Amino acid sequence: MKGMWSLLLCLCAVAAPVAGVSAAPAPDPVEALMREARVTGLALAVIHDGEVTELKTYGLRDVERNLPLTPDTTMYAASLTKGAFAYAVMGLVEDGRLDLDRPIAGYLPRPLPEYEKYADLAGDERWRRLTARMLLAHTAGFPNFRFFTPQGYDEHAKLAFAFEPGSRFAYSGEGINLLQFVIEHGLGIDVGVLMQEQVFDRFGMRGSGMTWRDAFATELAQGYDEAGKPLGHKRRGAVRAAGSMDTTLRDFAAFLAGLSRGEGLDAPAREQLFGDQVRIGSVQQFPTLSTGTTSDNEGIRLAYGLGWSVYRTPEGRAFFKGGHDDGTRNIAVCVRDERDCLLLMSNSSNADSIFPYLIEYKLGSVCFPWYWQAYLPYDHPELRAPDANAQTHPPCTRWPLPATIVPH
């Protein structure tokens, strides 16, 4: 947080009023960033030393009805769900009900391909080598989802291994949903109930759920694409560990604060959750099966833990998790040694283009792997050029507020 405080002191000095003259309030740089990048709505939470110190919202949750975004607006969590699910799973590990390294075949009453959902794997015995650790660390060998193929989207694509299980990292919602399947069919535990008891009830997340509730409609964020076109809000009727959660800024900030404090898990479980399970050398997280590599993130030791990305910052260890869908952009990042976090949630597909600026503005220079996460600043079109992946993108690049929006 040192960078944050120095920046705030600088801004205060610039905005200091002249004696006897009433100074107009300095414009909020967040609002200015949103205007320039055409971001519809943004929810922001700051956690300092494990406690929520700021909840602030900007813009609209519903443009057509001119309704503001608030800390209690229902927003789609997208893949933030995976991070919360991993936390709940570690509770099962801590209780001895799940072994991270026991092959999933040992939990299922029938071979995996005998279940209709996984019949595509018949004849490929590699599924027997899969473990909960591989599924949570995204080393199972699956695509993100079976319908995302190297040739493009194919709703009829079959599930297949793209590489040997455990051999490398490739982000996979399929793997997360498979672990849910194992927990439900092998352990007899309803994951919706597990999330309610281990996450939502523990942290007082009364506005959160793994499936749609009619109460969510009272204050609901509509999603908007890059052009500002309304996309609505999907009402998900089935629990999906990879990303069915609806939540609010207030709720997820409470969970993130508790997570930063280590609440609910013993030290060994926390070390597993945020330990370096697999080092990451890919240029970007997506497309997940790309084989391109880079040395950009070697200095920060970018890796994956269990459900969370992890790396090293100048101020200690860090963990983060993004959430992305059409009309949804979220990021939760914590500098773990200081227990300082930033949560950003947006109902705009443009929001990730201001995330590098907001991370530096609120957390300081924490060497966030912005290019790997594909957080490309709105005012740097060269980062979207065809040859951008071939360039170097140091994670410790500074992202001070653009000169055009710094308060004067």
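Here a biologist asks and a modeller answers, about a predicted model.

Biologist: Which helix holds Q180?

Modeller: Start with the residue numbers. That helix covers residues 173-186, and Q180 has its place in it. The element is helix 5.

Biologist: Is Q180 buried or exposed?

Modeller: The test is relative accessibility, and buried means under 20%. Q180 comes out at 5%. Q180 therefore counts as buried.

Biologist: Which residues does Q180 touch, not counting residues up to four places away in sequence?

Modeller: Neighbours up to four places away in sequence are set aside here. What remains are contacts with F85, V191, V239, R240 and A241.

Biologist: How far apart in space are Q180 and E114, C-alpha to C-alpha?

Modeller: Along the sequence, 66 residues separate Q180 and E114. In space the separation is taken from C-alpha to C-alpha. It comes to 17 Å.

Biologist: Which two residues does a cis peptide bond join?

Modeller: Look at omega, which is about -5° at this bond. One partner, P287, sits in the loop between strand 10 (278-279) and strand 11 (303-304). The cis bond joins F286 and P287.

Biologist: What is the phi of N66, and where is this residue?

Modeller: N66 is in the loop between strand 2 (51-62) and strand 3 (67-68). Its phi is positive, in a residue other than glycine. The value is near 55°.

Biologist: Is N66 buried or exposed?

Modeller: Exposed means over 50% relative accessible area. N66 has 57% relative accessibility. So N66 counts as exposed.

Biologist: Where does R339 lie, and what is its phi?

Modeller: R339 lies in the loop between strand 14 (328-335) and strand 15 (340-346). At 27% relative accessibility, R339 counts as partly exposed. R339 is not a glycine, yet its phi is positive, at about 55°.

Biologist: How many salt bridges does a search of the whole structure find?

Modeller: The search covers the whole structure. One of the pairs is R133 with D101. The total is 24.

Biologist: How far apart are the closest N and O atoms of R133 and D101?

Modeller: R133 and D101 form a salt bridge, so a nitrogen and a carboxyl oxygen must lie within 4 Å. The closest N and O atoms are separated by 2.6 Å.

Biologist: Which parts of the chain does the pair of R133 and D101 link?

Modeller: The partners are 32 residues apart. R133 is buried at 19% relative accessibility, whereas D101 is partly exposed at 45%. The linked parts are helix 4 (residues 132-136), which holds R133, and the loop between helix 3 (80-94) and helix 4, which holds D101.

Biologist: Which residue forms a salt bridge with R129?

Modeller: The closest N and O atoms of this pair are 2.8 Å apart. R129 lies in the loop between helix 3 and helix 4, and its partner in the loop between strand 6 (152-153) and helix 5, so the pair ties together parts 35 residues apart in sequence. R129 is partly exposed at 39%, and its partner is partly exposed at 37%. That partner is E164.

Biologist: Which residues do salt bridges with shared partners join into one network?

Modeller: R129 and E164 form a salt bridge. Both belong to a network built on shared partners. Its members are D124, R126, R129 and E164.

Biologist: Are D352 and R329 buried or exposed?

Modeller: The two form a salt bridge, with the closest N and O atoms 3.0 Å apart. D352 lies in the loop between strand 15 and helix 9 (355-363) and R329 in strand 14, so the pair ties together parts 23 residues apart in sequence. Both D352 and R329 are buried.

Biologist: What is the volume of the largest cavity?

Modeller: The structure holds three cavities of 30 Å³ or more. The largest cavity has a volume of about 110 Å³.

Biologist: Which residues lie nearest the centre of the largest cavity?

Modeller: The lining has 14 residues. They divide into nine nonpolar, three polar and two charged. Nearest the centre lie E360, C367, F368, T397 and W399.

Note on methods:
Residues are numbered from 1 along each chain as its sequence is written. This is a predicted model: local features need pLDDT of at least 70, side-chain atom pairs count only at pLDDT 80 or more; totals for chains, interfaces and linings use all residues. Side-chain values use heavy atoms; hydrogens and water are left out. Helices (H or I, at least four residues) and strands (E, at least two) are DSSP runs, numbered from the N terminus. Buried means under 20% relative accessible area, exposed over 50%, partly exposed in between (1.4 Å probe, protein chains only). Contact means heavy atoms within 4.5 Å. A salt bridge is a side-chain nitrogen of Lys or Arg within 4 Å of a carboxyl oxygen of Asp or Glu. On a 1 Å grid over the protein atoms alone, a cavity is a set of points where a 1.4 Å probe fits but cannot get out, and a pocket is an open set with protein on both sides within 12 Å along at least five of seven lines; lining residues have an atom within 4 Å of a point. Grid points are joined across faces, edges and corners, and a volume is the space filled by probe spheres set on the points. Ala, Val, Leu, Ile, Met, Phe, Trp, Tyr, Cys and Pro count as nonpolar, Asp, Glu, Lys and Arg as charged, and the others, Gly among them, as polar.
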